[in-house]
Amino acid sequence: MIHIDELVIKYGDFVAVDGISLDIQTKGIYGFLGPNGAGKTTTMRALTTLLKPTSGSITIQGLDAIKDMQEIRKRIGMVQQYISLDKEISVRENIICHALLHKVPRKEILSRMKELSLMLGLEKYMDKLILDLSGGWRRRTAIACALMHRPKILFLDEPTAGLDTQSRHILWDIVRDLRDSGTMVFLTTHYMDEAEALCDHIAIIDGGKIIAEGTPVQLNNLIGKVAVDFERGGKVITKTFASRDMAKEFISENIPEDSTYSLRKTTLEDVFLELTGSGLGGVVDD
Ligand SMILES: Nc1ncnc2c1ncn2[C@@H]1O[C@H](COP(=O)(O)OP(=O)(O)OP(=O)(O)O)[C@@H](O)[C@H]1O
Ligand SMILES: [Mg+2]
């Protein structure tokens, strides 16, 4: 699907993306997870042919991101982090403009628009101006626009940033529906729970470098399946273990009976903290 080889992107002397290589085979939901400034948007802009890499190469469905830019643009859809809709016109008008720009056959525009407005729950909002819509509805409109030319891959940059919990869950369901109907979704997020709940495959990026890649289960297994949170010196410390038995052994040997602790499954947040070196605890192996 997507192949990235030694991708480097500099802004002046600043290296925003520092030699990323990824071979993305999944047809499902691929998550690009990392903190603010990690290089997610920069990478996505290169993948969507909006930004020319400083060096390295990108191929999408076997097409080169520079040589075959026009063909790639026909096959992908994107919703940028800072959504670019025309705010002075309606949802319907935005969708039609986008369809015309992408040369969707005129006789298909109405039926596709109807299908997408139904899927995204936009029917009642079609004649509202973007100006009058909240962030969640703007994002749904942007997704409808991005899907009008029936892309094989949809790129979503921070699809749920700034949305309330209910809107986030609705958006997750929309993304899952897209995956189930055969569209590959590549999304960036800085929410660990979003990556964990939604993505079939995840790459973790930090400081322009990929620090881990795999399914959520594979990533959790990198640091062990079980975590213990306990208090020491007024701080909460987390330690991760390969098995529940090892965690229990640690608790009986190290945590006084009258102090509180919790034993739980590890999360992507633990993986991130461990791998970026800012985790507080260590990994105990089998
Ligand atoms: N046009 C630009 N000129 C100079 N530096 C830039 C530019 N765009 C991004 N950067 C820098 O490159 C780094 C990566 O930025 P990028 O926007 O890709 O991060 P991100 O992972 O998408 O972050 P966020 O979660 O905040 O969206 C940051 O340090 C950012 O300040
Ligand atoms: Mg970004």
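Here are three short exercises on the domains and cores of this predicted model.

**Exercise 1.** Work out which parts of the chain make up the two domains, and how far apart their centres lie.

*Solution.* Start with the domain assignment: domain 1 covers 2-214 and domain 2 covers 220-284. Next, take the centres over C-alpha atoms, and you get a separation of 35 Å.

**Exercise 2.** Describe the side of domain 1 that touches domain 2.

*Solution.* First, count the contacts, using C-beta atoms within 7 Å as the cut-off. That puts 7 residues of domain 1 in contact with 8 residues of domain 2. Then ask which elements these come from on the domain 1 side: helix 7 (192-198), strand 9 (201-206) and strand 10 (209-214) each chip in at least two residues. Helix 7 has the largest share, with 3 residues. Finally, sort that side by class: 5 residues are nonpolar, 2 are charged and none are polar.

**Exercise 3.** Find the largest nonpolar core, and say where it sits relative to the domains.

*Solution.* This core has 64 residues, and the members touching the most others are A144, A146, F155, V185, F186 and I204. Helix 5 (residues 135-147) is the top contributor, giving 6 residues. Now check the domains: domain 1 (2-214) and domain 2 (220-284) both supply core residues, so the core lies between them. To zoom in, pick F155: leaving out residues up to four places away in sequence, F155 touches M44, L47, T48, I76, M78 and F186. One last step: look for another core apart from this one, and you'll find a set of 6 residues, including V226, V228, F230 and A247.

Note on methods: Residues are numbered from 1 along each chain as its sequence is written. Chains are lettered from A and ligands numbered from 1 in the order in which they are written. This is a predicted model: local features need pLDDT of at least 70, side-chain atom pairs count only at pLDDT 80 or more; totals for chains, interfaces and linings use all residues. A nonpolar core is a set of buried Ala, Val, Leu, Ile, Met, Phe, Trp, Tyr and Cys residues joined through C-beta atoms within 7 Å. A residue is buried if 20 or more other C-beta atoms lie within 10 Å of its own, exposed if 12 or fewer, and partly exposed in between; C-beta atoms are placed from the backbone. Helices (H or I, at least four residues) and strands (E, at least two) are DSSP runs, numbered from the N terminus. Domain bounds come from an automatic or database domain assignment. Two residues are in contact if their C-beta atoms, placed from the backbone, lie within 7 Å. Ala, Val, Leu, Ile, Met, Phe, Trp, Tyr, Cys and Pro count as nonpolar, Asp, Glu, Lys and Arg as charged, and the others, Gly among them, as polar.
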